[in-house]
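Me: I'm new to this one and would like to go through it slowly. Could you put it up here first?
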Amino acid sequence: MARSDTMLRVDQAGEFGATRIYAGQLAVMGDRAPGAAEIRAMAAQEADHRARFDALIAARGVRPTALQPVWSAAGFALGAATALIGPEAAMACTAAIETEIDRHYSEQLEQLGDSDPELSAIIEEFRGDEREHKAAALAAGAERAPAYHLLTGAIRLGCRVAIGLSKRI
Ligand SMILES: [Fe+2]
Ligand SMILES: [Fe+2]
C-alpha cells in the first residue's frame, strides 16, 4: 500500500472518530449546556472533514480501516464520558485530541513533501481547523477540568494508540 494511502486511511478513521466523540458529547449535554453551541460548531466542521476524506478514500479506492465499528463505539463513549464529567472535561477532551492531531498532521505533511499535493492541501487546511478547535477548547476552560493533566494524558495516549492501530488494520 502506498504511503499516502495509509495516511488517508488513518486520517479518515480519525475524522470519523471525531464526529463520534462530538455525537457522544452532544447526546449527554443536549443543546443548552455551556459549551454546547461551540461543540456543535466543531462537530459540523468534523462532519465536513470526514465527508471529504470519505470522498477521497472512495475516489482512490483505498480500503477504510476495519476498526471503524471500534472507533465508532470508543469515540462515542469517550465523548459521553467526558461530557458526563462536565463541560470543562468535554473541552479538555478536544484540547487533548487536537494536540495529537496537530502533531500527526504536521508529521504527515513533512513525510509527504511535495509527493501528493492534493492530500497535502487538505491536511494543511484541516490542521488549521484543528488548531482552532484546540484554541477554542482552551478558551472555554479546558484546563479547569478536574485532573486535567491525568485526563488529557490518558486521552492523548489513547489517540496515539488509535492512530497506530488504524495504520495497520
Ligand atoms: Fe477534523
Ligand atoms: Fe477538530
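Me: Let me start with a loop residue: is Ala-147 buried, partly exposed or exposed?
Reply: Ala-147 is partly exposed, because its relative accessible area is 48%, where buried means under 20%, exposed over 50% and partly exposed in between, with a 1.4 Å probe and protein chains only. Before we go on, this is a predicted model, in which local features need pLDDT of at least 70, side-chain atom pairs count only at pLDDT 80 or more, and totals for chains, interfaces and linings use all residues. Residues are numbered from 1 along each chain as its sequence is written, chains are lettered from A and ligands numbered from 1 in the order in which they are written, and side-chain values use heavy atoms, with hydrogens and water left out.

Me: And where does Ala-147 lie?
Reply: Ala-147 lies in the loop between helix 5 and helix 6 (148-168), helices here being DSSP runs of H or I with at least four residues, and strands E runs of at least two, numbered from the N terminus. The phi of Ala-147 is near 50°, a positive value in a residue other than glycine.

Me: On to the metals: which protein donors does the iron ion (ligand 2) have?
Reply: They are Glu-46 (OE), Glu-98 (OE), Glu-130 (OE) and His-133 (ND1), lying 1.8 to 2.2 Å from the ion. Donors are N, O and S atoms within 2.8 Å of the metal (3.2 Å for Na, K and Ca), and since water is not among the atoms, sites may look incomplete. Along the sequence the donor residues of this ion are spaced E-x51-E-x31-E-x2-H. Of these, Glu-98 in helix 4 (residues 87-112) and Glu-130 in helix 5 (residues 117-139) are 32 residues apart, and the pair links distant parts of the chain. Both Glu-98 and Glu-130 are buried.

Me: What about the iron ion (ligand 1), which donors does that one have?
Reply: The iron ion (ligand 1) has Glu-15 (OE), listed twice, together with Glu-46 (OE), His-49 (ND1) and Glu-130 (OE), at 1.9 to 2.7 Å. Glu-46 lies in helix 2 (residues 36-59) and Glu-130 in helix 5, so the pair ties together parts that are 84 residues apart in sequence.

Me: How far apart are the iron ion (ligand 1) and the iron ion (ligand 2), and which residue coordinates both?
Reply: They are 3.8 Å apart, and Glu-46 coordinates both. Glu-46 is itself buried, with a relative accessible area of 1%, and Glu-130 is buried at 2%.

Me: Changing topic, what does Phe-53 touch?
Reply: Not counting residues up to four places away in sequence, Phe-53 touches Leu-8, Asp-11, Gln-12, Glu-15, Tyr-105, Leu-119, Ile-122 and Phe-126, contact meaning heavy atoms within 4.5 Å. Phe-53 lies in helix 2 and is buried, with a relative accessible area of 0%.

Me: And Ser-4, buried or exposed?
Reply: Ser-4 counts as buried, at 16% relative accessibility. Ser-4 is found in helix 1 and, leaving aside its neighbours within four places in sequence, is in contact with Arg-60, Leu-112, Asp-116 and Leu-119.

Me: Last one: at what angle do helix 1 and helix 3 pack?
Reply: Helix 1 (residues 3-29) and helix 3 (residues 68-85) pack at an angle of about 40°, with their axes 7 Å apart. Axes are lines fitted to C-alpha atoms, for helices over the stretch in contact, and angles run from 0 to 180 degrees between N-to-C directions.
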